[in-house]
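This report covers a sheet, two helix crossings and a ligand site. The sequence and structure are shown first.

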Amino acid sequence: MKLRNKINLYTAFLFALLLVILNITVYFTFNTLLVNSELTTAHKEMEKITENFGESLGQIPDDTLLRSYLPVNGMIQIVTENSMNPPLITSADEQNLSKRKPEYYRNEVSKKIVFEKRQYSFESMPIIMKDGSVANLQITKSMETSNKILSILRLVLILVTLLALIPVLISSRLLSNFITKPVTSMIKTMTEIQKSGTFKTIKLEGQSKDELFQMGQTFNHMIELLETNFEKQEQFVSNASHELKTPLTIIESYASLLKRRGLTEPKLFMESIEAIHSEALRMKEMTEQLLVLARHHEQWNIEVNKVNLNQLLDQTVNAFKNAYKREIELKAMTESPLFFESDEKKLKQLLYIFLDNARKYSDDLISVILGKKDDEIFIKIIDRGIGIQNSELPKVFDRFYRVDKARSRKQGGSGLGLSIAKEIADAVGIAVQLESEPGIGTTATLLIKKVEK
Ligand code: ATP
Ligand code: MG
């Protein structure tokens, strides 16, 4: 059964039960009070009658005497211990009472009796007859009026119970609606989430801050948390697969080189092993870093060392050349090697991202230039490829943004490289500039503020 119907049913049932119990109590209390009051009145009347009755006995015929005390609806009679047909007088409406078997009592009696399904008050009082014997003066009085009042009361109470159930049903419906509304909308949202596979929150109405509002709020917070976690996971998966592609290609190409010529050329063997080892280490650290970033909102873990930029570029360009079999020239504009305090691995990661784009979006020679201007060191990665339109330039750093999707789909990218590059560059304090001319080529410049010679 639905929660809403349950609430409806239980509240209505409980309230109806309460009303019925209350009304039954009212009815029976009133009934007892009414009967008691009838009996008391009848008893008082009886006492009054017996006071005068003795004096009149024998002076007036019994019939006439009894008639003078006859109640409006009832019977008066004198019952002696052995008499079978005692003198009695009944009112016109209650002639049936004469059929009731007389009974003699030694004491005063005041009670309610039922005769032929009708209720009567019955009073019996011992009196002394003129011959000195003891008899009972008995008065039986119909309680029809009280019964009528009681049946009206019964009817009123039943009507009140039925009428009171109407507002109860309405209010229980309102209550159940009020309670089940957020629950239903939560179920609806959950079903939508399940069907569409996207995260959704519930619209919270009012600011009542009651438990239901809090429940909705908690649900929304939970969904937001799940969404962030889900996004982080997705980001981790896509970033990790993007960043692992280049080192894996480099490892693969060096490994096949080793397979072919490793045993005969010791120099090549050493270079390959060195490159594979360093790429493997870099991959290991990179995945750890990405995992940390995905789990918490932590900063990139930067390890600052004195980096020989000439050496770093040499290694990187070489590894890239070998892996992708592309022509890449490296030009150093300064005579002495340039040093810089930075995170070597992050720098390498940056270079790979730009080299990878240059490789993908051009077929000719790629140039890498290392130089110094004023206080700034720059690394330029220049390709002579398809280029990027000016209007697209600011957008290419967005996650998953790709210029001309149909064209670049052939290159199999996912639009992540430049966004990761921007994050890393920000983390290590390097500015990135992208200049491009469609059909001519693209130049990516890494601007490094020189702090140390
Ligand atoms: P991924 O790097 O994830 O494999 P991607 O190379 O498409 O995919 P980004 O590196 O972020 O993604 O580059 C975004 C878009 O910018 C590319 O799709 C491409 O259209 C354009 N782009 C980037 N570098 C160049 C370049 N050197 N020449 C021409 N277009 C480029
Ligand atoms: Mg790319």
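## Ligand site

A residue is near a molecule if one of its heavy atoms lies within 4 Å of it. In this predicted model, 20 residues surround ligand 1. The closest are His242, Lys360, Tyr361, Arg402 and Leu418.

Oxygen atoms of the ligand lie at short range from N or O atoms of the protein, as follows. The side chain of His242 has an N or O atom 2.8 Å from an oxygen atom of ligand 1. For the side chain of Arg402, the distance from an N or O atom to an oxygen atom of ligand 1 is 2.8 Å. Val403 takes part through its backbone: an N or O atom there is 3.2 Å from an oxygen atom of ligand 1.

## Crossing of α4 and α9

Two packed helices are described by the angle between their axes and the distance between the axes. Helix α4 covers residues 211-262 and helix α9 residues 417-428; their axes come within 10 Å and cross at roughly 95°. Angles of 65 to 115 degrees count as roughly perpendicular, so α4 is roughly perpendicular to α9.

On the α4 side the contact is made by Gln235, Asn239, His242 and Glu243, and on the α9 side by Gly417, Ile420, Glu423 and Ile424. By class, the residues of this contact are 2 nonpolar, 4 polar and 2 charged.

## Crossing of α4 and α7

The axes of α4 and helix α7 (residues 344-360) also come within 10 Å, crossing at roughly 85°. These two helices are therefore roughly perpendicular to each other.

From α4, the residues His242, Glu243, Thr246 and Ile250 meet Gln349, Tyr352, Ile353 and Asp356 of α7. The contact of α4 with α7 divides into 3 nonpolar, 3 polar and 2 charged residues. His242 of α4 thus appears in the contact with α9, in the contact with α7 and among the closest residues to ligand 1.

## Sheet and helix α1

The model also holds an open sheet of 5 strands in the order β2-β1-β5-β4-β3, with antiparallel pairing. Because β2 (88-90) and β3 (109-115) stand at the edges with a single partner strand each, one side of each is left without a neighbour in the sheet. On average, neighbouring strands are turned by 20° against each other, direction ignored.

Strands β4 (residues 118-128) and β5 (residues 134-142) run antiparallel and are joined by 9 bridges. Met125 has Leu137 in β5 as its bridge partner. Helix α1 (residues 3-56) packs on the sheet and touches β1 (74-80), β3, β4 and β5. The direction of α1 makes about 30° with that of β4.

How values were computed: Residues numbered from 1 in each chain as written. Chains lettered and ligands numbered in written order. Predicted model: local features only at pLDDT ≥ 70, side-chain atom pairs only at ≥ 80, totals over all residues. Heavy atoms only, no water. Pairing = 2+ DSSP bridges. Helix = DSSP H or I, 4+ residues; strand = E, 2+ residues; numbered from the N terminus. Axes fitted to C-alpha atoms, helices over the stretch in contact; angles between N-to-C directions. Contact = heavy atoms within 4.5 Å. Parallel < 35°, antiparallel > 145°, perpendicular 65-115°, else oblique. Nonpolar A, V, L, I, M, F, W, Y, C, P; charged D, E, K, R; others polar. Polar contact = N/O pair within 3.5 Å; in protein donor to acceptor, adjacent residues only side chain to side chain.
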